[in-house]
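Biologist: Here is the model I would like to talk through. Please take a close look at the charged pairs, and show me the surroundings as you go.

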Amino acid sequence: MSALWQYLIQAAPYEQICPTTDLQLDAHGTIHCGEVLNVKTLKQLAEHYIPEQIDQYFEIKNAIDEQRLRALLDDSRASHRTFSELYSASSHNHYLNLGCACIGSSAALDFRLTLFKRCLPYEFERTLFCLWLVIFESEEHRRTDEDFRFLFLTALTHDLGLLDVDPKITRYDHDPRSSKNDVDGYYRHTFYSARFAEKWLSVPDRVIKSIEQHHEVIDGTGYPSGKSGNQLHEYGQHVHLYDSLYSIYSKSYKLLGKTLADMKPVIEINAVTHFGQAAHRLLEILERGSRTEAVFFHHDEFVEIRTKVLWMAKYIEQCLEVIQNFTAEVGFRHEDKTLFALQNSFIHISLSYYKSRILHEQVALADAIAEDGEYKKLSKALEDGFFSLREIIFHINKFVYRLRLYCYSESSSDIRKRAEQVLDDLSRLTIKLIH
């Protein structure tokens with residue numbers, strides 16, 4: 001059974017799902033327009049109708065409308081302290097109203113968005129998070145109404161294609177969930193989302209391309225096409241950045257009571273080579289948000305945390321040396337797109353670590369554990385260093401994953417042999433992410 005049918009059946013006990021026209025069920029008779037369907041009937045219909053007909057033939061009573069989307073966004077804003085600090089009705093309500101008005105432009109959009117909220121709540125909350133950042137960024141840079149609307153629609157629909165991906169895949173944890181060559185994998189949702197927008201919404205080509213590219217990154221190591229730099233549309237860069245921040249924030253920062261403004265160091269080390277110009281725009285906005293006063297560790301844990309930070313820094317430096325030697329030996333292979341993207345990823349890791357060195361130097365000062373006024377400043381620097389290094393190690397782990405995929409596909413025995421040696425050398429340095 002197709003993924004979309006599975007999600008529709010999953011939602012049936014909780015939502016009033018009805019056909020928009022009379023549907024025939026052979027020996028089972030006719031299902032009439034407007035009749036509320038149960039799980040059994042939907043399973044029978046799944047045998048007769050292809051998933052491409054679902055958006056056309058079904059609706060959900062009391063689907064998300066303009067008013068409900070506004071209420072959902074208000075709830076989302078209240079759950080993020082930084083959003084509440086940044087929000088000003090006089091500044092943002094124009095864009096907020098304009099964005100919510102996008103609902104109702106297509107019955108298929110209302111239907112699928114409601115199904116998305118019911119079946120994939122984490123991804124739906126991430127979408128609301130992205131929409132708020134679109135609103136704040138658009139007000140900051142005075143986007144025209146048309147420009148804002150298309151960016152808003154990009155963010156609103158970019159993950160709706162997840163409803164076309166097997167639930168067994170979408171319910172996995174985050175990366176890595178599939179490779180670029182896995183046509184049925186997680187990242188295939190970028191194309192499903194784009195096709196949905198292309199079919200049901202009146203949007204220009206730049207929206208379609210941006211939806212397709214929202215898992216691509218500046219260094220060329222993204223999914224599913226490995227595009228980079230000026231190949232990427234601005235909208236796609238923004239959505240990729242916002243998606244990534246939500247994942248990092250919800251898994252690390254939010255659990256510790258941190259704000260989005262506390263993430264500035266991590267955004268800074270990923271700027272330019274990974275997130276692009278969109279990161280600098282976001283940093284300007286987050287400057288107006290307050291950071292939390294307390295750090296995640298107690299005073300008497302300072303030495304322990306500092307030791308862990310030094311361990312992580314040493315591990316990163318050893319990894320960089322191994323990868324640097326590999327790059328020096330094989331050279332930069334512009335003709336080999338996959339290897340070249342890997343080497344760009346290495347540059348990103350190196351620059352990220354260089355940017356974080358100032359933090360390491362601060363927290364290694366001899367008087368770092370003193371009880372005077374410097375302790376507060378240094379403990380905050382230590383916290384920033386801790387999270388920044390965890391982020392860099394995350395990128396190293398992704399580099400290792402991509403290099404392993406490259407080894408499987410590489411035909412040149414010399415390069416493959418050298419890459420396998422790199423994997424062996426890095427595996428001997430393995431360090432778990434410290435929580």
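Modeller: Happy to, starting with a stretch to treat with care: over residues 174–180, pLDDT (the predictor's confidence in each residue, from 0 to 100) stays under 50. The model has 25 contacts for these residues beyond four places in sequence, a contact being heavy atoms within 4.5 Å. This is a predicted model, in which local features need pLDDT of at least 70 and side-chain atom pairs count only at pLDDT 80 or more, while totals for chains, interfaces and linings use all residues. Residues are numbered from 1 along each chain as its sequence is written, and side-chain values use heavy atoms, with hydrogens and water left out. The chain as a whole averages a pLDDT of 88, and 90% of the residues score at least 70. Among its elements, helix H9 (residues 145–157) has the highest mean pLDDT, 98, and helix H17 (residues 337–363) the lowest, 80. Helices here are DSSP runs of H or I with at least four residues, numbered from the N terminus.

Now to the charged pairs. The structure holds 27 salt bridges, each a side-chain nitrogen of Lys or Arg within 4 Å of a carboxyl oxygen of Asp or Glu. One of them joins Glu140 to Arg288, with the closest N and O atoms 3.0 Å apart. This pair links distant parts of the chain, 148 residues apart: Glu140 sits in helix H8 (residues 121–140), and Arg288 in the loop between H15 and helix H16 (302–330). For accessibility, buried means under 20% relative accessible area, exposed over 50%, and partly exposed in between, using a 1.4 Å probe and protein chains only. Glu140, at 26%, is partly exposed, and Arg288, at 47%, is partly exposed too.

That loop also holds Glu287, whose side chain meets that of Lys264 in a salt bridge (3.5 Å, N to O). Lys264 belongs to helix H14, so this pair ties together parts that are 23 residues apart in sequence. Glu287 is exposed, with a relative accessible area of 52%, whereas Lys264 is buried at 11%. Elsewhere, salt bridges that share partners join Glu137, Arg143, Asp147, Glu234 and Arg281 into one network. Within it, the side chains of Asp147 and Arg143 meet at 2.7 Å, N to O, and Arg143 is buried, with a relative accessible area of 7%.

Helix H14 (264–270) leads into another spot: His274 lies in the loop between it and helix H15 (277–286). His274 is buried, with a relative accessible area of 9%. Beyond its neighbours within four places in sequence, His274 contacts Val217, Ile218, Asp219, His240, His348 and His395.

For the nonpolar surroundings, consider helix H7 (residues 107–119). 10 of its 13 residues are buried, so H7 is largely enclosed by the rest of the structure; among them are Asp110, Arg112 and Leu115. Leu115 is also one of the residues, with Leu42, Leu45 and Phe58, that touch the most other members of the largest nonpolar core, which has 135 residues. Helix H18 (residues 374–409) gives the most to this core, with 14 residues. Such a core is a set of buried Ala, Val, Leu, Ile, Met, Phe, Trp, Tyr and Cys residues joined through side-chain atoms within 4.5 Å. Not counting residues up to four places away in sequence, Leu45 touches Trp5, Leu23, Leu25, Ile31, Leu37 and Phe58.

Methods:
Helices (H or I, at least four residues) and strands (E, at least two) are DSSP runs, numbered from the N terminus.
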